[in-house]
Each structure stands twice: as structure tokens, then as C-alpha cells.
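Student: I would like a close look at one part of this protein, namely the side-chain contacts around one buried arginine, and then at how other contacts of the same kinds are arranged. Could you take me through them in one connected account?

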Amino acid sequence: MDSAELTGTLFDIQGFSVHDGPGCRTLIFFKGCPLSCHWCSNPEGKNPFPEPLYRQQKCTFDMLCMDACGHKAISLEKENLTIDREVCNSCKTFDCTSACCTGALQKGGYTITTGELHRLIERDRQYWGSRGGITLTGGEPFFQPEFAAAILKRCHDAYVHTAAETCGDIPVSWLQPSLPYLDWLFFDLKQMDPARHKEWTGHTNQQILANARWLASRFESRMVYRMTVVPGYNDYPEHTRQLASFLLSTGRKEINLLPLHHLGREKYALTGHSYYTEVLTTPAMDSLQGMKEILEAEGISCYLGSETPF
Ligand code: SF4
Ligand code: SF4
């Protein structure tokens, strides 16, 4: 391995995306996120380290994993396999996943060097067409600031179009090193009220809004805001007007509204998390259109779902 190479932690790489930047793209999912949004569709991206993913439907309860785990993190309680995830958080061996022959236990996340990742990215180049490239997502890509900047620089130097999606809840110094190598940015917003933001994501929006302002004035390429529309949380007219006013104050006037979906539901059980969003419905098209009208009346370009023009 080249001594200048850095190592990062990912949980997935997916090709052929057409919704996360221009053309056809390879999405790189970084592990680790400072927020805990109740509606997160990638709960396996929350922890910054690899972790066991458990699919009970595939489990035969032969307990090979329990025998293999040298840390005694697995037990059988009331005919249910229980994993002490606090113990797993510092595991380096993942012997449980090697012992499991049914695929019920798998390792979620892996480390990779910048060189290895760059080779995988180059392999996809033939599928991108003239406008495609890579998009860093997660998790929060800038939660691993040096690794993100290093892979973006490699791609930039190799004439690969680069994009990223950020939750913005990180020190600005973690964003800064990547900016010279980024061609496109999605910046996520959730809720304009700091207390409501904290209630549903674990943190206030103070750092996020400050970073949005900072980036809006310094990032030289296109920056599009994104917001998942969560009924009853951020879809009412007063909030939409506050959102419009914030966007106008930053000078960036594009937002992509994404309707809440439940596609990530199954993944909560795999990581041992509770699924908060069970009680929430997906937003009605009328509600999304109403938000779009309010935003457009303020001179903001609003794209619903996959409508963002790239
Ligand atoms: S080894 Fe796999 S199939 Fe066997 S009990 Fe463990 S998780 Fe279930
Ligand atoms: S991840 Fe490590 S500590 Fe956790 S159950 Fe598997 S072997 Fe044991």
C-alpha cells in the first residue's frame, strides 16, 4: 500500500444512480453521521465503525455465531438471539459473521484505502456517459474529512465529476479541504426551529444553518438544498415560509423536496434500532405541491422528488 494512502470506512457502493447529480453516477456511502434523524433511510450509516447486521428470517439458531464470538456478545434469550452491540462496537474480528453459514449475520461496513476505492471508481467510468461521475453520501461523507478530501482530489485529478450530499452538522474545517475538488453539492435541511430540529434529529440546527450560509457564499459551483418532507414535522405553510426566507438569505435559490418513504424500514431491525417513523404517513402530492407553490412565489426553484434538473 502506498504510504500516502488513507483508509476510510464505507457501508456500500452503488452504481447507476440518476438522481444524485448529473448523468449516471456511482454512489459511495460513508459510514458515520452526527445526526439521528427519526426518518433516516440508511440506519446502517449512523455508526462510524463496522457492525454486525442480523436478519432473523435467515437464522436457524444453530448458535455457531455465539460459539465463535470470543467476546461473549451473543446470547440466546427467550428463543431470540440477542447481540450486545456495545461490545461489538470495538470488535476487530467479526468471527461471528465468518461462522454464520446462512447469511443471517453479516458485517455491515468495511475499511478501504483511497487507492482501492479509486480503482473501483475507475471500473465504473465506462457506465457514466459524458456527464456522470461519483457522489459521496452516507452517513455523512465529511464525518471522515481527510478521507473524503483525498478521494475527491484523486477523482478531480482524474477528470471525474464529483458531487456530495451533506447534512452540514460538522465543523466547517471538515468541509473546507474537500471544496476545491467538488463540482456539485446537495445540502440537507430538516427543520428551521432549533428545538424541533433537536427533538427529531438529536442536534439543533445552529451549526447546519451557519455552514449553509458559509458554503453558499464560498462554494463556487452549484449547491442545491434538499429536504425530506415529513408530514406534521416540516410540511406546514409557516415552516415553508421560514424555509424560503432562509434560502433567500443565503442567496442559493434551489431546493429539492423529497417525500418521506419507508424503504429503509427493514434495515432498522438489522442494526438493532427502533423504527421511529412507523406512525408517519408519506406526504400527499397536494401537500408537496402546496409547498412548491409557496417556495416558487418567493422566487425559489423547487424540484419535487426526482425532478431536479442536472
Ligand atoms: S450462526 Fe447464523 S444462523 Fe446460526 S444462530 Fe448465529 S446468526 Fe443464526
Ligand atoms: S461483531 Fe465481534 S463482538 Fe460482536 S458478536 Fe461478532 S464477533 Fe462478537
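Tutor: What follows begins with the arginine and then moves to other salt bridges, aromatic pairs, a helix and a ligand shell. Please keep in mind throughout that this is a predicted model.

The arginine in question is Arg-226, which forms a salt bridge with Glu-165, the closest N and O atoms being 3.0 Å apart. This pair links distant parts of the chain, since Glu-165 lies in strand E9 (residues 161-166) and Arg-226 in strand E11 (residues 222-229), 61 residues apart. Both Glu-165 and Arg-226 are buried. The contact is also part of a network of salt bridges, in which Asp-20 is linked with Glu-165 and Arg-226. Arg-226 has an aromatic partner too, for its charged end sits over the ring of Phe-186, 3.8 Å from the ring centre. A charge over a ring is found again at Lys-107, whose charged end sits over the ring of Phe-94, 4.9 Å from its centre.

The count of salt bridges comes to eleven, and two of them, each set within a helix, can be placed beside the one at Arg-226. In the first, Glu-122 pairs with Arg-125, with the closest N and O atoms 2.7 Å apart. These residues are three apart in helix H4 (residues 114-128), so about one helical turn separates Glu-122 from Arg-125. Glu-122 is partly exposed, with a relative accessible area of 27%, and Arg-125 is partly exposed as well, at 31%. In the second, Glu-296 forms a salt bridge with Lys-292, the closest N and O atoms being 3.2 Å apart. Because Glu-296 and Lys-292 are four residues apart in helix H11 (residues 285-297), they too are separated by about one helical turn. Here Glu-296 is partly exposed, with a relative accessible area of 39%, whereas Lys-292, at 16% relative accessibility, counts as buried.

Turning to the rings, a search of the whole structure finds 13 aromatic pairs. One of them joins Phe-11 and Phe-29 in a tilted arrangement, 5.4 Å centre to centre and with 50° between the planes. It links distant parts of the chain, with Phe-11 in strand E1 (residues 7-17) and Phe-29 in strand E2 (residues 25-30), 18 residues apart. Phe-11 and Phe-29 are buried. Another pair, Phe-143 with Trp-174, is edge-to-face, at 6.0 Å centre to centre and 65° between the planes. This pair also links distant parts of the chain, because Phe-143 is in the loop between strand E8 (133-138) and H5 while Trp-174 is in helix H6 (residues 172-175), 31 residues apart. Phe-143 is partly exposed, with a relative accessible area of 27%, and Trp-174 is partly exposed at 30%. Elsewhere, Trp-39, Trp-200 and Tyr-233 form one aromatic cluster.

Helix H5 has 13 residues (145-157), which at 1.5 Å a residue should span 18 Å, and its end C-alpha atoms are indeed 18 Å apart. Its buried residues include Phe-147, Ile-151, Leu-152 and Cys-155. After H5 comes Tyr-159, whose phi is positive, near 60°.

Finally, Phe-94, whose ring lies under the charged end of Lys-107, is among the residues around ligand 2, together with Cys-69, His-71, Ala-73, Ile-74, Cys-88, Cys-91, Asp-95 and Cys-96. By class, that shell has seven nonpolar, one polar and one charged residues.

Technical notes
Residues numbered from 1 in each chain as written. Chains lettered and ligands numbered in written order. Predicted model: local features only at pLDDT ≥ 70, side-chain atom pairs only at ≥ 80, totals over all residues. Heavy atoms only, no water. Helix = DSSP H or I, 4+ residues; strand = E, 2+ residues; numbered from the N terminus. Expected span 1.5 Å × (residues − 1). Buried < 20%, exposed > 50% of the residue type's maximum accessible area, 1.4 Å probe, protein only. Near = heavy atom within 4 Å. Nonpolar A, V, L, I, M, F, W, Y, C, P; charged D, E, K, R; others polar. Phe/Tyr/Trp six-rings, centres within 6.5 Å; stacked < 30°, edge-to-face > 60°. Lys NZ or Arg CZ within 6 Å of the ring centre and 35° of its normal. Salt bridge = Lys/Arg side-chain N within 4 Å of Asp/Glu carboxyl O.
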